[in-house]
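Student: I have a structure to study, and I would like a close look at one part of it. Please start with the loops, and then show me what surrounds them.

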Amino acid sequence: MASAEELKRAAGEAALDHVTDGMCLGIGTGSTAEAFIRVLADKVQAGLNVIGVATSERTEKLCRELSIPMATLETLPQLDLTIDGADELDGALRLIKGGGGALLREKIVAAASKRMLVIADESKTVETLGAFPLPIEINGFGMVATYLAIQEAADGLGLSGELTLRRTGEDPFITDSGHLILDASFGRIPDPEALSRALHDVPGVVEHGLFLGLAKEALVAGADTVRHLTV
Ligand SMILES: O=C(CO)[C@H](O)[C@H](O)COP(=O)(O)O
């Protein structure tokens, strides 16, 4: 049986077929995105000409270490393709992202791209989003008020569950943009669009990890093959 690492690498290798010379690439965050970055770096070494925009400081550092040419979204605000992992994807390619804490930049970069291609292994596919706790990036100011307002918004949709402040050891986890993350264990999310709107209506919510209508394609690595899903 293929290991998780092998599946991530298979998805990363399959993603290379979608990368062509001269592309401006959004580059995702997480272990699957890192598997892609490593195979991309080999191609760049062999002469592929691309320029990347990272979705996190961690990705930026790895890409630079591997000599992938990098730019910022300020200098390159329109990208051809973003390749990124996901924590969950459903049949309509709606995603939960942010397990690695990079959801805000990931969403900005994906939205600035003509295409978003998700890379994942089969374990990430679900019927209904929500088994993975939904990351919600919030401003530190008034965080208790924001916490309560999120609970109220979720209650209004019939969703309830724990909201947990993400930590690194004893300290709150701080995102690359200086915010906090609440991980929301709502369970099944039958109407992700309604939850997205409700969360965006809460002052203090900077962004959430529901990626809706952004990904039109995914490469999902299973034991025998990598499936190319489209919507
Ligand atoms: O959204 C993300 C980071 O914010 C990642 O894409 C997501 O957490 C999946 O990570 P991995 O490939 O390590 O399972």
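Tutor: Happy to help! Let's begin with a rule for counting neighbours: a residue is called buried if 20 or more other C-beta atoms lie within 10 Å of its own, exposed if 12 or fewer do, and partly exposed in between. Please keep in mind that this is a predicted model.

Now find Ser67, in the loop between helix 3 (57–65) and strand 3 (70–71). Ser67 has 10 other C-beta atoms within 10 Å, so Ser67 is exposed. Its backbone has a detail worth spotting too: phi of Ser67 is near 65 degrees, a positive value in a residue that is not glycine.

Next, go to Leu93, which sits in the loop between strand 5 and strand 6. Here phi is near 55 degrees, again a positive value in a residue other than glycine. Is Leu93 buried or exposed? Leu93 has 20 other C-beta atoms within 10 Å, and therefore it is buried.

The strands on either side of Leu93 lead us to a sheet. Strands 5, 6 and 14 make an open sheet of 3 strands in the order 5-6-14, and the pairing is antiparallel. Strand 5 (88–89) and strand 14 (210–211) are the edge strands, each pairing on one side only. Strand 6 (residues 95–96) is joined to strand 14 by 2 bridges, and these two run antiparallel. To see this pairing residue by residue, look at Leu95, which stands opposite Phe211 in strand 14.

From here, move along the chain to helix 4. Of its 9 residues, 7 are buried, so helix 4 is largely enclosed by the rest of the structure. The buried residues are Leu103, Leu104, Arg105, Glu106, Lys107, Val109 and Ala110.

Helix 4 also matters for the way the chain is divided. The domain assignment gives domain 1 (4–124 + 212–223) and domain 2 (134–204). The contact between them takes 12 residues from domain 1 and 11 residues from domain 2. On the side of domain 1 that touches domain 2, helix 4 (residues 103–111) supplies the largest share, 3 residues. That side of domain 1 is made up of 5 nonpolar, 4 polar and 3 charged residues. As for the distance, the C-alpha centres of domain 1 and domain 2 lie 25 Å apart.

Now turn to strand 1, where the pairing is parallel. Strand 1 (residues 24–27) runs parallel to strand 2 (residues 51–54), and 4 bridges join them. In this pair, Leu25 stands opposite Gly52. Strand 1 also pairs with strand 4 in the parallel sense, over 3 bridges, and there Ile27 stands opposite Ile83. With helix 2 added, strand 1 and strand 2 make a right-handed β-α-β unit.

Cys24 is a good residue to pause on in strand 1. Cys24 has 19 C-beta neighbours inside 10 Å, so it counts as partly exposed. Setting aside residues within four places in sequence, Cys24 is in contact with Ile51, Leu76, Leu79 and Asp80. Compare that with Ala35, which is 11 residues from Cys24 in sequence and 19 Å away in space, C-alpha to C-alpha.

Helix 1 brings several of these elements together. Leu7, Lys8, Ala10, Ala11, Gly12, Ala14 and Ala15 are buried in helix 1. Its buried residues pack against helix 2 (31–45), strand 4 (79–84), strand 7 (113–121), strand 15 (217–221) and strand 16 (226–230). You can check its length as well: at 1.5 Å a residue, the 13 residues of helix 1 (residues 4–16) should span 18 Å, and the end C-alpha atoms are 19 Å apart, which agrees.

Let's finish in strand 16, with His228. His228 is partly exposed because it has 13 C-beta neighbours inside 10 Å. Not counting residues up to four places away in sequence, His228 touches Glu217 and Leu219. Finally, try locating Leu117: Leu117 and His228 are 111 residues apart along the chain, yet their C-alpha atoms are separated by 9.8 Å.

Key
Residues numbered from 1 in each chain as written. Predicted model: local features only at pLDDT ≥ 70, side-chain atom pairs only at ≥ 80, totals over all residues. Expected span 1.5 Å × (residues − 1). Contact = placed C-beta atoms within 7 Å. Domains from an automatic or database assignment. Nonpolar A, V, L, I, M, F, W, Y, C, P; charged D, E, K, R; others polar. Pairing = 2+ DSSP bridges. Right-handed = clockwise from strand over helix to strand, strands pointing away.
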